[in-house]
Amino acid sequence: MKFPDSYSGLVSLLYLFIGGNVPAQTPTVHQTENVILITLDGVRWQEVFTGADSTLLFDRTYSPDTAGAKKLYWAATADERRKRLMPFCWNTIATQGQLYGNRLNGNKMNVSNPYWFSYPGYNEILSGYADERINSNDKKNNPNTTVLEFLNNKPAFAGKVAVFSSWDVIEAAVNEERSKVYANSALEPVSPARTATDSLLNEMMIAAPSEFAGVRSDVLTYYTDKNYLREHQPRVLFVSFDETDDLAHAGRYADHLRILQTLDRLIGDLWATLQQMPRYKGKTSLLITTDHGRGHTPKARWKDHGTKTPDS
Ligand SMILES: [Zn+2]
């Protein structure tokens, strides 16, 4: 697929990778035996690489408690700000792994689909190709075979692939029906609830207010997935978070930073958990990316994305 040159100036994907280094002397042996894919919906490269954006953080429209937000997220340099916002990313991934997508250094990660919103992005991440038929966020089963389905059909991975998502459309993006990949989405309970923790998670899902329609809180998605990881030890896990995008659309910049900081901490917790489990320690790669960026228009500022919003 060909795109005009102007598309190449757009940031849409950033890509983080830690672990899985293959020793040079053993080129045929892969250290990675398990892969965990994490997506942070609609997170911009700007926040990841330069931390809080002063034009939004100090604007009461987007950050009503400006003084409070300044205390939490502001620092004089981009290096300090990004460490403050995403300490796991900058203290661990940046030193032990790889980061891509810092456009200030001319390093560009772009989506190749022509739409610049979620489902086309998730299809592209999961199937490896942009597909112009995936042109809405409607919850329709993905006609494409995802890498998750491909692996789940291999004897070595059968039943060892799982998906946890805050957004319900993700279970259609992985075509749970056809692929038979276990996908737990939005407010779907843990089933069967076999342990006290399973039951507690289900109670919390009913009790916790859902701020956005069809979306489970990312914190609950995380703990549901962590519980599954401990109980079932999948070889391939896809965890799809969502609230960063909803909060950005709502124009709540300080809240958007808060959930991004929380997710950074939870990813750090996941990494620490993996290093305590023999099944995962030293042989698990963590891949973190996003489905699209966010653009800029004078009216919507950073809130929107899509083809009508340049730079998304
Ligand atoms: Zn969005």
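Me: Which helix holds Arg 84?
Reply: This is a predicted model. Arg 84 sits in a helix that covers residues 78-85. That helix is H4.

Me: Is Arg 84 buried, exposed or partly exposed?
Reply: Count the C-beta neighbours inside 10 Å: Arg 84 has 17. Buried needs 20 or more, and exposed needs 12 or fewer. Because 17 falls in between, Arg 84 counts as partly exposed.

Me: Which residues does Arg 84 touch, not counting those up to four places away in sequence?
Reply: Sequence neighbours up to four places away are set aside here. What remains for Arg 84 is Gly 51, Tyr 73 and Ala 75.

Me: How far apart are the C-alpha atoms of Arg 84 and Thr 221?
Reply: Along the chain, 137 residues separate Arg 84 and Thr 221. In space, their C-alpha atoms are separated by 24 Å.

Me: Where is Tyr 100, and is it buried, exposed or partly exposed?
Reply: Tyr 100 belongs to strand E3, residues 97-100. Inside 10 Å, Tyr 100 has 14 C-beta neighbours. The limits are 20 or more for buried and 12 or fewer for exposed. So Tyr 100 counts as partly exposed.

Me: In which sense do strands E4 and E5 pair?
Reply: E4 spans residues 161-165, and E5 spans residues 182-185. Four bridges link the two strands. Across the pair, Val 163 stands opposite Ala 183 of E5. The sense of pairing is parallel.

Me: Which residues of E5 point the other way from Tyr 182 and Asn 184?
Reply: Tyr 182 and Asn 184 point one way from E5. All four residues named for this strand are buried. The ones that point the other way are Ala 183 and Ser 185.

Me: Which helix gives the largest share of the largest nonpolar core?
Reply: The largest nonpolar core has 61 residues, and Val 163, Ile 170, Val 174 and Ile 267 touch the most other members. Ten residues of this core come from one helix, residues 253-274. That helix is H13.

Me: Which residues are in contact with Ile 267, leaving aside neighbours within four places in sequence?
Reply: Ile 267 is one of the core members that touch the most others. With sequence neighbours within four places left out, its contacts are Ile 38, Phe 88 and Ile 288.

Me: What is omega for the cis peptide bond between Ser 191 and Pro 192?
Reply: Pro 192 lies in the loop between E5 and helix H10. The bond joining Ser 191 to Pro 192 is cis. Its omega is about -5°.

Me: Is Asn 175 buried or exposed?
Reply: Asn 175 lies in the loop between helices H8 and H9. Its phi is positive, near 45°, though it is not a glycine. Within 10 Å there are 21 other C-beta atoms, and buried takes 20 or more. So Asn 175 is buried.

Me: Why is the protein chain said to be as compact as a globular protein of its length?
Reply: The chain has 13 helices and seven strands. For 312 residues the globule rule gives 20 Å. The chain comes close to that, so it is as compact as a globular protein of that length: its radius of gyration is 19 Å.

Me: Over which residues does pLDDT stay under 50?
Reply: The chain averages a pLDDT of 91, and 91% of the residues score at least 70. One stretch stays under 50, and the model has 66 contacts for it beyond four places in sequence. That stretch is residues 1-22.

Technical notes. Residues numbered from 1 in each chain as written. Predicted model: local features only at pLDDT ≥ 70, side-chain atom pairs only at ≥ 80, totals over all residues. Core = buried A, V, L, I, M, F, W, Y, C linked by C-beta atoms within 7 Å. Contact = placed C-beta atoms within 7 Å. Rg over C-alpha atoms; globule rule 2.2 N^0.38 Å. pLDDT = per-residue confidence, 0-100. Pairing = 2+ DSSP bridges.
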